[in-house]
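I opened the notebook to record a few look-ups, taking them in the order in which I made them.

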Amino acid sequence: MKWETVIGLEVHTQLATKSKIFSGSSTAFGAAPNTQASAVDIALPGVLPVLNRGAVECAIKFGLAIGATLNRVNVFDRKNYFYPDLPKGYQISQLAKPIVEGGALKIIVEGEEKTVNLTRAHMEEDAGKSLHEDFHGMTGIDLNRAGTPLLEIVSEPEMRSSAEAVAYARALHTLVTWIGICDGNMQEGSFRVDANVSVRPVGQAEFGTRREIKNLNSFKFLQQAIDYEVRWQIETLEDGGRIEQATVLFDPDSGETRMMRSKEDAHDYRYFPDPDLLPVKLDEDWIERVRAALPELPVAMQARFQAEYGVSAYDAAVLTGSRALADYFETAARACGQGKLAANWVMGELSAALNKAELGIASSPVSAAQLGALIARIQDGTLSGKLAKQVFEGLWEGAGEVDAIIEARGLKQMSDAGELEKIVDEVLAANPKSVEEFRAGKDKAFNALIGQVMKASKGKANPAQVNDLLKTRLQ
Amino acid sequence: MSDASLSTLAAQLAAKQVSSRELAQVYLDRIAALNPAINAFITVDPDKTLLEAAGADVRIAAGNAGPLTGIPVAHKDIFCTDGWLTTCGSKMLSNFVAPYDATVIERFKAAGMPSLGKTNMDEFAMGSSNETSYFGAVKNPWNLAYVPGGSSGGAAACVAARMAPAATGTDTGGSIRQPAALTGITGLKPTYGLVSRYGMIAFASSLDQAGPMALSAEDCALLLNAMTGFDPRDSTSLEREKEDYTRDLEKPLAGLRVGLPREFFAEGLNNEVAAAVEAAVAELKKLGATPVEISLANSKLAIPVYYVLAPAEASSNLSRFDGVRYGYRAPDYANLDDMYCKTRAQGFGAEVKRRILIGAYVLSHGYYDAYYLQAQKIRRLIADDFSEAFKTCDVILGPTAPGTAFKLGEKSDDPVEMYLNDLYTIPANLAGLPGMSLPCGFDAKGLPIGLQLVGNYFSEAKMLNVAHQYQRATNWHAHAPEGLK
C-alpha cells in the first residue's frame with residue numbers, strides 16, 4: 001500500500017521582549033537560578049499578572065507578516081495543571097480567542113513553491129525548568145524562565161513530508177527573526193518545534209491517528225524524528241497494528257521516538273478565562289503603527305531582488321534566508337551596481353569562507369561595503385576573477401581596504417597593451433614548439449601559451465587581452 | 001475613648017491630647033483583655049504596632065499628618081503584610097511570613113495608620129460564620145455563643161468589641177457586609193476595581209473586593225479615601241480620578257428614591273429582621289426619601305451562580321498552594337504526586353476542599369458549558385436587573401442577611417443552609433456593584449440586625465450619604481456590646 005504523510009507543526013517562539021509577559025523580571029538567558037524570578041513569577045500569595053504590551057506588539061507584527069486575522073478582542077485563559085516548575089498551578093495562555101487566526105507562509109521544497117496555511121498563533125507564558133541532575137535524588141527548580149513570553153504558532157496539517165516540515169520550520173524561523181520578534185536561538189530554546197505526525201493510505205480523505213513529537217530544537221532533529229516516526233507508523237499499520245494517539249519524545253542518540261504519555265493520561269486542563277486579566281483590545285491605531293514599522297518582508301524582498309538585481313528566484317530565496325544576509329547582499333550590490341555578480345560572491349566565496357570559519361553573516365570579517373568595492377574593481381577591469389580572490393583573502397585577514405590591498409600586494413591587472421605585447425612576444429619567441437603545434441591544429445597548445453603569458457606576468461595579465469593578442473599574433 | 005469616631009480620634013491626636021503610641025496601647029490593652037474570649041486576632045505584635053505608632057507620632061509632630069495618621073487599624077489576615085505572618089486563616093499558610101505589602105497595607109501605612117494585628121477569618125475567605133478558620137472560630141462580642149459571621153468575622157468582631165477603631169475586610173459574596181450586620185457595625189464593599197487586589201490573597205478574583213469596616217458610615221468614608229485608587233499592579237483596578245467619599249455625607253436626603261427589591265422581602269426573611277428594615281425605611285421617609293418598589297427577578301439564582309463561579313476561580317487560584325515553594329508541606333511523602341496530595345489534603349480544611357472540588361468539576365471537560373458558561377450568562381442577567389432598577393431608584397435597600405447571628409456549630413454541618421446566609425449580599429458581587437451594611441436594630445435576643453444598601457457603580461459617596469444621614473437620625477450604630485470590659 002502507498003502511504004501519505006500528514007504533518008502539522010506547533011512552534012513555540014520565545015518573544016524578544018526585555019521583560020516577562022506578566023511581570024517586570026528580565027528575560028535574559030543564562031542568569032544564576034532564580035535570580036530573575038520576582039514575587040509574581042514565583043506566584044507568592046496575592047500577586048497579580050500585568051500584561052507586557054511589548055509581547056502583544058510582537059504578536060501583532062507576526063499576524064501582519066503572515067496576512068492573518070488579528071482578533072481585535074482576544075482573551076487570556078488559564079490552563080490548569082500541577083507541576084513544580086509551574087508556580088501558579090496554571091499557565092496563562094489563550095484558548096478560545098487567540099490574538100492571531102489564519103495567515104499563510106510560502107515555502108520552497110525542491111524548487112517547488114508551496115503555501116502552508118496557519119491555524120492560529122497565541123500568546124502564553126513559559127514554565128520554569130526542573131533540574132533533575134546534581135541534586136542527589138531531589139529536583140531543583142529554576143524559575144528564571146517562568147513567565148517568559150511565548151507565541152505558539154500552529155500550522156494546518158498541510159505538510160506531506162519531513163522536507164516540507166523542515167522547509168516550513170525554516171521559513172517560520174526566518175520570518176520571526178526577520179521581523180525581530182524572536183532571537184531564533186534554538187540551543188537556548190527560543191524556537192521549539194512540536195510535530196503532529198500521522199499517515200494514511202494515499203487517496204483516503206480522513207486523517208490517520210496522530211502522534212505528537214515534542215520539543216524538537218533543531219531542524220536536523222525535526223527531519224530525523226519525522227522520518228523515524230513515519231516509518232514506525234507505516235510499519236505498525238502494515239503489521240496489522242493500530243496507532244494510538246500519544247505524545248512522544250525524540251531521542252537524538254538512538255534516532256527513535258518513544259512514548260511520553262498516551263491519550264488516556266492526557267490532562268483535563270480546565271481552561272477558563274483568567275479573571276485577573278482584562279480582554280486584550282487591539283485598536284486600529286496601534287495596529288497601523290506596528291504595520292508602518294514592519295520591515296520589508298522576505299517574500300516582497302525576493303520579488304524585488306529579482307526585478308531590481310536580475311537574480312534568479314532561487315538566488316533571491318537564498319539571499320533572503322535571513323534579514324542580515326539580505327541586507328548584506330543589498331549593501332554590496334548597491335555599492336558595485338552589479339547585482340548578479342554580488343549574488344555570486346555572497347553565495348559563493350563569502351558563504352564558503354563563513355562556513356569554513358563557522359561564522360554568521362553578521363560577524364563576517366569582510367563588510368558588505370568592502371565586498372561591493374571589490375566587485376567594482378572586477379567590473380572596471382582592475383582585477384581579474386583570480387586576482388579578486390586574492391584581494392578577498394586580504395580583506396578577510398583584515399589587511400585593509402580593497403585598493404590598498406591591490407596596491408600593497410601588486411595585484412593590479414596588467415592591461416597596458418605595450419607591456420602585454422612585449423611579454424607575449426617574449427613568450428612566443430621562447431616557445432617555438434607550442435607555436436608550431438598550434439599551427440598544426442592543436443588547440444591545447446594555445447592554452448599552454450596563455451599559461452606562459454600569465455606566468456610571465458605573475459598572474460596579473462588581463463586574460464581577455466592576452467587571448468586577443470595571442471590570436472592576432474598567431475594568425 | 002474606644003467608642004470614639006475616627007474624626008474624634010484624629011482631632012485628639014492633632015491636639016496632642018493623646019499620642020499614637022498611647023492610642024495604640026489603649027487598643028492593645030483591650031485586645032489583651034478581650035481577644036482570648038473572642039479570638040478575633042490571629043497575630044498581634046505589640047512591638048511592631050508601637051513602633052509604627054511611634055513613626056506616626058513623628059509625622060504628627062512634624063506637621064505631616066493626614067486625616068487618619070496615628071489611628072490604629074486591624075488588617076484581615078488575607079492581606080500580605082511585610083514581615084507579618086499572613087495565614088488567610090489556613091494551615092496551608094500557617095508558617096507564611098509575607099515578604100511584601102499588599103497595596104491596601106501600603107496605602108494604610110502611607111496614611112500613617114499603625115497596624116494592630118491580623119484578624120481571624122474563614123479559611124481563604126470561604127465561609128459565613130468564621131468557623132472554618134484553622135485558628136479557631138471567632139465569637140460574636142454580643143453573645144459569645146454566637147458566630148460573628150464571615151468571612152471577615154475577626155475584623156467585624158474586633159471593631160464591635162472596640163479592640164480596634166477600624167478594620168479592613170474583603171467581600172466576595174458578602175464577607176464584609178454579613179459579619180458587619182451580625183456584629184452591629186458598618187462595613188462597605190466598594191465597586192469592583194476601586195480598591196487594588198494586589199497582595200490580597202485571591203479567593204474568587206472576579207468577585208473579591210476589599211473594603212472598610214468601622215463603627216459608622218463617616219468612619220468608612222474616611223477609610224475608603226485611604227484605600228481606593230488605581231494600582232498598575234492590578235489589571236482589574238480602575239483608572240479614575242480620586243474621590244473624597246466624605247463630600248456628600250451631610251447632604252439632605254430630600255428627593256432620594258430608595259428601591260426596595262420585592263424579592264428581598266419575601267420568603268426566608270426572618271420577621272424581626274423584616275420589621276427592623278421596614279422601620280429603617282420609615283426613618284428614611286422621614287428624612288425625605290421616597291420608597292420605590294423594584295424587582296431583581298434573577299437574584300434568586302445568585303446563590304447557584306455564585307457557587308459555580310466562585311469555586312471555579314478558587315479551584316485555580318488555590319493551585320499555587322502546592323507545598324513546593326512556601327507554606328505547609330506534608331512531612332512524609334513517597335513521590336511528587338503523593339507530596340501534592342498529602343500537602344493539600346492536610347493543609348486545607350473541609351470547606352476549602354469542598355469548593356476546590358466543585359470548582360474543578362464545573363470547569364472540567366464536558367461540564368464547562370453546562371455550568372461555568374451558563375453561570376456567566378446568568379451573572380449578566382443579574383447585573384442587567386440592577387441596571388434596570390437604577391433607572392427608577394438612587395439606592396437599593398434591604399436586609400443584609402436573612403437573619404441575625406446564629407449559634408456556633410448550628411449550621412456548620414449543612415453547607416447549603418450556611419450558603420443561604422449570603423442570599424442578599426451575593427448579587428452585588430456578581431454585578432460588581434458597591435454595597436454596605438449598617439446596624440438598624442436588635443432582635444429579641446439582643447443580637448444586631450443589619451440593613452443593606454446597594455448603590456450603582458461608583459456611587460459610594462451616595463450610599464455613604466444615605467447611611468450617614470440615617471446614623472445621624474438613629475443611634476443603632478452607637479450601641480456597644482455589654483458585658484465586655
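The entries below cover domains, a small sheet and one helix residue.

Entry on domains. I kept in mind throughout that this is a predicted model. I looked up how chain A is divided, and I found domain 1 at 3-286, domain 2 at 296-409 and domain 3 at 417-474. I then took the centres of domain 2 of chain A and domain 3 of chain A over their C-alpha atoms, and they are separated by 33 Å. For the contact between these two, I noted four residues from domain 2 of chain A and four residues from domain 3 of chain A. On the side of domain 2 of chain A that touches domain 3 of chain A, I listed one nonpolar residue, two polar residues and one charged residue.

Entry on the sheet. In chain A I followed an open sheet of three strands, ordered E5-E4-E16, with antiparallel pairing. I noted that strand E5 (90-93) and strand E16 (272-273) of chain A each have a single partner strand and stand at the edges, so one side of each lacks a neighbour in the sheet. Between strand E4 (residues 77-80) of chain A and E16(A) I recorded two bridges, the two strands running antiparallel. Looking across to E16(A), I found Phe272(A) opposite Arg78(A).

Entry on chain B. I located Ala11(B) in helix H1 (residues 6-14) of chain B. Is Ala11(B) buried or exposed? I entered Ala11(B) as exposed, because it has 12 C-beta neighbours inside 10 Å, and the cut-off for exposed is 12 or fewer. I also looked up Ala11(B) with Pro67(B): 56 residues apart in sequence, they lie 8.9 Å apart in space, C-alpha to C-alpha.

Definitions and conventions
Residues are numbered from 1 along each chain as its sequence is written. Chains are lettered from A and ligands numbered from 1 in the order in which they are written. This is a predicted model: local features need pLDDT of at least 70, side-chain atom pairs count only at pLDDT 80 or more; totals for chains, interfaces and linings use all residues. Domain bounds come from an automatic or database domain assignment. Two residues are in contact if their C-beta atoms, placed from the backbone, lie within 7 Å. Ala, Val, Leu, Ile, Met, Phe, Trp, Tyr, Cys and Pro count as nonpolar, Asp, Glu, Lys and Arg as charged, and the others, Gly among them, as polar. Helices (H or I, at least four residues) and strands (E, at least two) are DSSP runs, numbered from the N terminus. A residue is buried if 20 or more other C-beta atoms lie within 10 Å of its own, exposed if 12 or fewer, and partly exposed in between; C-beta atoms are placed from the backbone. Two strands pair if DSSP finds at least two bridges between them.
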